[in-house]
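Please open the model in your viewer and keep the selection panel at hand. The stops below can be taken in order.

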Amino acid sequence: MAEIKKTGGHQVVDYMARDYDSLLQAMRELVPSRLPEWQAGESEADFGNVLLELFAHMGDILSYYQDRVATESFLSTAQTRRSVIDHLKLIGYRLATASPASCTLELSFPASCEAVVAIEKGHAFTTGSESNTPSVRFEYTRETPLVIDCNALDVDPVTHRKHYGKDPVTGTGGVPVEEGRLVKAEHLGISDGSRNQRFPLTRTGLILRAAGAAGKRHRDILITTCLGETITEWTLQESLAFSRDNQKDYVIEIDEKDRATVIFGDGSFGAMPESGAVIMATYRVGGGLCGNVPAGAIRNIAEAPPLSLNGATVTHREAATGGADRESIDHAVMHAPSVFRSLKRAVTEEDYKALALNLKGVAKVKAVADSWNRVTLHVAPEGGGRVSDVLEESLLAYFEDKRPVTTLIAIEDVTYVPVWVAAEIGIKSHYPREEVRGKALAAAGELLALPHVDFAQTLYLSKFYEAMEAVEGVAFVNIDEFRRDNDPPGTVAPSGKIILEDHEIPVVPSGNAAYADGILLRVDGNR
């Protein structure tokens, strides 16, 4: 509450009185000394009291604005995405857009098919749709068409069909696809020849992964200008500060609502599109956790006429991984300083780790210098599972201009260690049993979720007790199984600890429906 203080013999209002009640009380306490003839008291009908209440209300609002301005002025305290974007722009860090999931599809053709099929960029496949779950679209994204000669495929004696997919020995083959949608040749506008022209993309949710080697055209977006019969391709740069006056460069700004804007140069830093030139954009939108679909979910051919006309079917044996939502404010504030310290150059193991995590779709990474000129990145993609061919290519291209010329980079999968946990809980009377069981199951399973685990981690039995006992309605917890995958079933790890090696990450066991969310949970002896 505000206090009236004396400074230099004069009464002043405490500047800490910033809310409505404090300001109103402080002003009323000043009334007797400033206006002794005013005897209105607390009457709400008095016009003076009305004015005081209005002034207090205005002061409360102004104090709120002052606090917000001060809060948004520092990266560590900023709350809005717009402020964080502006702060990080000062160190050359751009918040990552959503990343698309990827996987490799297998095709099946009728035994009688003898066609030569070409799968081109933009050909699409989808998951099945349900009433409350829309289908997820995956597309072939490579510039070079994938040509399949059905005459060269053998007929499977069991299915009596021809199959095209991953070789079980080499692990190669199949159709690499990514979640998202291709927007072809969108008309952005016509150049008026002025400086720093800006052209917003129509669709939100641009997929824009970190660029690879300098000077190479970005794979996610293509900007062209057309003047008469002359078509010119422009190059995406992180900044126009190093572009010469005749360089056909541009940058992209993405705001807090995921709206992307293409920005050209001013004639000194980057060329200006000629007056009358038509600006066209080809890009992809999508990305997010929704793309991390399980194995077998992609089963429809949406827009691939050569496949549909020849009676092809599609499936995939491994889950799609690598899909991630746009970068959060918390992640950017925590991660940006390490990227800035690395100066976007990979020298130390920590540099490789920080830069790899800057590529959306990578959830966990451990960098190991195997020798003076070889670095191995052990990568766990978003959604878990193995590193897809698409993500591996993106990582290698991303490090092309960041590594020393003599350094070789290898991408390896992490070693996932299933952790088996089984427990019995008691539920207090008058609590809904299934609801409490579900909350306890989620609390324990969260300890094994990919965002909350790491390499060489030590798992403690006490943490699982702590998580379940904290659930309201749980009377007791008894954990009778806590082990690694290769330990005897039904045992508890010595000392209540599971210690993982350098390249190991704990995961929920798969293939056993009883261990939902990573734990087998019984209620008073019943599952």
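The tour goes from a loop to a sheet with its helices, then to a cavity and to a further set of paired strands.

This is a predicted model, in which local features need pLDDT of at least 70 and side-chain atom pairs count only at pLDDT 80 or more, while totals for chains, interfaces and linings use all residues. Residues are numbered from 1 along each chain as its sequence is written, and side-chain values use heavy atoms, with hydrogens and water left out.

**Stop 1: a loop residue.** Select L35, which lies in the loop between helix 1 (20-34) and helix 2 (47-72); helices (H or I, at least four residues) and strands (E, at least two) are DSSP runs numbered from the N terminus. L35 is partly exposed, with a relative accessible area of 40%, where buried means under 20%, exposed over 50% and partly exposed in between, using a 1.4 Å probe and protein chains only. Now add D192: its C-alpha atom is separated by 65 Å from that of L35, and the two residues are 157 apart along the chain.

**Stop 2: an open sheet.** Select strands 19, 20 and 21, which form an open sheet in the order 19-20-21 with mixed pairing; two strands pair if DSSP finds at least two bridges between them. Strand 19 (362-371) and strand 21 (408-413) are the edge strands, each pairing on one side only. Strand 19 runs antiparallel to strand 20 (residues 374-381), with eight bridges between them, and A367 stands opposite L377 in strand 20.

Next, show helix 6 (residues 349-357), which packs on the sheet and touches strand 19, strand 20 and strand 21; contact means heavy atoms within 4.5 Å. Helix 7 also packs on the sheet, touching strand 19, strand 20 and strand 21.

**Stop 3: a cavity.** Keep helix 7 (residues 389-398) in view, since the next selection includes three of its residues, the largest share of the lining of the largest cavity. Select the lining residues, among them S99, E178, R209, K360 and S394. By class, the lining divides into four nonpolar, five polar and three charged residues. On a 1 Å grid over the protein atoms alone, a cavity is a set of points where a 1.4 Å probe fits but cannot get out, and lining residues have an atom within 4 Å of a point. Ala, Val, Leu, Ile, Met, Phe, Trp, Tyr, Cys and Pro count as nonpolar, Asp, Glu, Lys and Arg as charged, and the others, Gly among them, as polar.

**Stop 4: paired strands.** Finally, select strand 16 (residues 278-285) with strand 10 (residues 181-190), an antiparallel pair joined by seven bridges, in which H187 stands opposite M280. Strand 12 (residues 221-227) is joined to strand 16 by six bridges, again antiparallel, and here I223 stands opposite A281.

Key. On a 1 Å grid over the protein atoms alone, a cavity is a set of points where a 1.4 Å probe fits but cannot get out, and a pocket is an open set with protein on both sides within 12 Å along at least five of seven lines; lining residues have an atom within 4 Å of a point. Axes are lines fitted to C-alpha atoms, for helices over the stretch in contact, and angles run from 0 to 180 degrees between N-to-C directions.
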